[in-house]
Amino acid sequence: MKPRVILGLALIFGALAAIVAFTISGNASLEVKVDELLRQQRSGIDLSQKVFKLTGSVVGDSIRYDAKTLNLQFDIVQDRETLATNQATAPRVTVLYRGARPDTLAHEANAIVTGKVTADGKFAAGSSPDSLLLQCPTKYEAAAEAKP
């Protein structure tokens with residue numbers, strides 16, 4: 001093969017590799033649970049510039065929604081077991097979301113929220129449609145029990 005062809009192919013493959021690398025790094029976000037996020041906050045790490053996927057279980061009595069402004073606020077804890085054993089004293093993170101209230105937002109729903117930590121320690125969900133994902137346990141437990 002001619003040197004020009006080899007050089008041209010190398011440049012094309014190099015450009016493709018760079019595009020893939022930048023795309024992956026731009027979409028990557030660290031997945032953390034409530035306890036881990038709180039531990040990092042207490043250690044003094046600046047988390048305000050990092051994008052996280054925060055996972056946990058929704059505390060039903062903390063849900064506040066304003067239909068006029070579309071502001072939604074709720075607390076999440078580590079997991080459903082934490083809700084069952086010590087809901088009143090469990091470490092919590094307050095989630096802030098702007099948009100329509102999801103139908104599946106209920107007590108013990110599993111939440112995956114993509115966003116950033118605010119200056120006051122709350123967790124602000126991003127503006128993309130998939131920044132707040134919820135799975136209501138009651139919708140899926142019945143189907144699982146029905147199978148033999």
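Let's start on the outside: Met1, Val5, Ile6, Leu9, Ile12, Phe13, Leu16 and Ile19 together make a nonpolar surface patch of about 850 Å². Keep in mind that this is a predicted model.

Take one member of that patch, isoleucine 19. You'll find isoleucine 19 in helix α1, which covers residues 3-27. Why does isoleucine 19 count as exposed? Its relative accessible area is 53%, and exposed means over 50%.

Now hop over to glutamine 78, which sits in the loop between β3 (71-77) and α3 (80-86). Is glutamine 78 buried or exposed? Glutamine 78 is buried, because its relative accessibility is 15% and the cut-off for buried is under 20%.

Here are the two residues side by side:

| Residue | Place | Relative accessible area |
|---|---|---|
| Isoleucine 19 | helix α1 (residues 3-27) | 53%, exposed |
| Glutamine 78 | loop between β3 (71-77) and α3 (80-86) | 15%, buried |

What does the side chain of glutamine 78 reach? It gets to the backbone nitrogen of valine 34, at 3.5 Å. Setting aside neighbours within four places in sequence, glutamine 78 is in contact with Lys33, Val34, Asp35, Thr55, Gly56 and Ser57.

Now for the whole protein. It has four helices and seven strands, and from the N terminus they come in the order α-β-α-β-β-α-β-β-β-β-α. Of the 148 residues, 30% are buried. Looking at contacts with a separation of 6 or more, 55% are between residues 24 or more positions apart. As for the surface, the protein exposes about 9600 Å², with carbon and sulfur atoms supplying 58% of that.

Technical notes
Residues are numbered from 1 along each chain as its sequence is written. This is a predicted model: local features need pLDDT of at least 70, side-chain atom pairs count only at pLDDT 80 or more; totals for chains, interfaces and linings use all residues. Side-chain values use heavy atoms; hydrogens and water are left out. Patches are made of residues with over 30% relative accessible area and no salt bridge: like charges are joined within 9 Å, nonpolar side chains (Val, Leu, Ile, Met, Phe, Trp, Tyr) within 5 Å. Accessible areas come from the Shrake-Rupley method with a 1.4 Å probe; for residues, only the protein chains shown count as cover. A salt bridge is a side-chain nitrogen of Lys or Arg within 4 Å of a carboxyl oxygen of Asp or Glu. Helices (H or I, at least four residues) and strands (E, at least two) are DSSP runs, numbered from the N terminus. Buried means under 20% relative accessible area, exposed over 50%, partly exposed in between (1.4 Å probe, protein chains only). A polar contact is a pair of N or O atoms within 3.5 Å; within protein, one must be able to donate a hydrogen and the other to accept it, and residues adjacent in sequence count only if both atoms are side-chain atoms. Contact means heavy atoms within 4.5 Å.
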